[in-house]
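Subject: Structure handover

Hi,

Here is the structure we talked about. Please open it alongside this email; my notes follow below.

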Amino acid sequence: MLEAKLVKPDKNFKTQSSIPLKVVLTNTSNQDLSVLTWNTPLDDVVTDCLDITVNGRKVEYDGPIIKRGAPTAKDYVLIKAGESVETNFPVSDAYDTSKPGTYEVTLKTMIPDARPKQPRLAAALNAPDFEPIQLPVKDKTTFRVEKGEGRRLTLGAAARSKEHAKKAAAKKATTRALAAAKKKPEAQAFLEPLSTGGTAAQKTKAKKAHADGYDLCVKALASLVDDARYVEWVGAHTLKRFNKVKINYTAVKTRMESVQFTYNLSGSGCGSGVFAYTYKGTSTIWFCDQFWAASATGTDSKAGTVLHEHTHSDASTDDNVYGQVGCRNMAINQPNKAVENADSHEYYAGG
């Protein structure tokens, strides 16, 4: 029904090069298809949509880690019967291509939703019985990187480098924040966050979301036991998985108490349906339109979003699946992935 093609570049690259990879998606069926672009090369933001190795070693994804809500009609692209769409995916923004060698690239194997064209797509997506129609697509190619002058930074590496450059100023601010935190009761031991951009009202909401997200984490950690709720969101109990979840929440709590985070309220880099995004190992989180539309607490709330993103930045979780239905299914069928999934941590905590 859908075929993908990764087009082999016609030249070699240097370690400092920006590497675009042409991806072509063809509708081989006899009917027009509406295809969800999320987590594919057609997405309007960079996502983890490729498996890459260099000289036989896996290259980890190092782009933005995103919390999303439910898709809407505008997140689909129409591919007519027998026709194709193509894009140039910025490989070096998402994966470290600064090492010389031969890179083998495989397209990850699932289109998240593809359905026959229908006049009321928006209504179908909002229906209580909506269920994505996932389609396997796969292709592979290679490209060659030669030693050059300097190295190309991924978006994640660039974000960490930028934070490192501000380390001295941040250290002073963190010292002041730590001193202030010591004067608060234990339940409010987190460091007060900073914020950039946005209105005064948004800054206030971001500050409250930070406090509420910390509260979710503390309560989740305190109540973490092998019970029905744990099984619902994480899966069948094993000591290894249980300890991993505990380590993840502990990492979030520790960093929120010892690192002063910054919330970027400018909307920069936000795509469709995005609550927020961050990078692993950083202390900046970007809030997007869906965050501002969310309730303060509860399911998929501002507080839940804060906890979700902190599990990315503080505990290196991934987005293996979004939404409560997907998380419950993952807990049953793939519990080893559930312990690495940000939404699973958010929903267990009540966010």
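Serine 316 is partly exposed, with a relative accessible area of 36%. The model is predicted, so please read everything here in that light. Serine 316 sits in the loop between H9 and helix H10 (324-333). Its phi is positive, about 55°, although serine 316 is not a glycine. Most residues other than glycine have a negative phi.

Aspartate 300 is another residue to look at. It has a positive phi of about 50° and is not a glycine either. Its place is the loop between H8 and H9. Aspartate 300 is partly exposed, at a relative accessible area of 24%; the cut-off for buried is under 20%.

Next, the sheet. Five strands make it up, in the order S7-S17-S18-S16-S15. The sheet is open and its pairing is mixed. Strand S7 (65-68) and strand S15 (194-196) are the edges, each pairing on one side only. From one strand to the next, the twist averages 20°.

Strand S17 (residues 274-278) and strand S18 (residues 284-287) are antiparallel, paired over three bridges. To find one of the bridges, start at tyrosine 277: its partner is tryptophan 286 in S18.

Helix H9 (residues 302-315) packs on this sheet. H9 touches S7, strand S16 (262-264), S17 and S18. The direction of H9 makes about 160° with that of S7.

Now the interior. Which residues have the most contacts inside the largest nonpolar core? They are Tyr249, Phe287, Leu307 and Tyr348, in a core of 36 residues. Several elements give two or more residues to this core, including helix H7 (239-258), helix H12 (342-348), S17, S18 and H9. Helix H5 (200-222) is also on that list, and the largest share, seven residues, comes from H5.

Leucine 307 is worth selecting on screen. Leaving out residues up to four places away in sequence, leucine 307 touches Gly213, Leu216, Cys217, Tyr249, Val252, His345, Glu346 and Ala349. Apart from this core lies another, of 33 residues. Among them are Leu2, Leu50, Phe89 and Tyr95.

If you only have a minute, start with H9 on the sheet, then go to Leu307 in the largest core.

Best wishes

Terms used:
Residues are numbered from 1 along each chain as its sequence is written. This is a predicted model: local features need pLDDT of at least 70, side-chain atom pairs count only at pLDDT 80 or more; totals for chains, interfaces and linings use all residues. Side-chain values use heavy atoms; hydrogens and water are left out. Two strands pair if DSSP finds at least two bridges between them. Helices (H or I, at least four residues) and strands (E, at least two) are DSSP runs, numbered from the N terminus. Axes are lines fitted to C-alpha atoms, for helices over the stretch in contact, and angles run from 0 to 180 degrees between N-to-C directions. Contact means heavy atoms within 4.5 Å. A nonpolar core is a set of buried Ala, Val, Leu, Ile, Met, Phe, Trp, Tyr and Cys residues joined through side-chain atoms within 4.5 Å. Buried means under 20% relative accessible area, exposed over 50%, partly exposed in between (1.4 Å probe, protein chains only).
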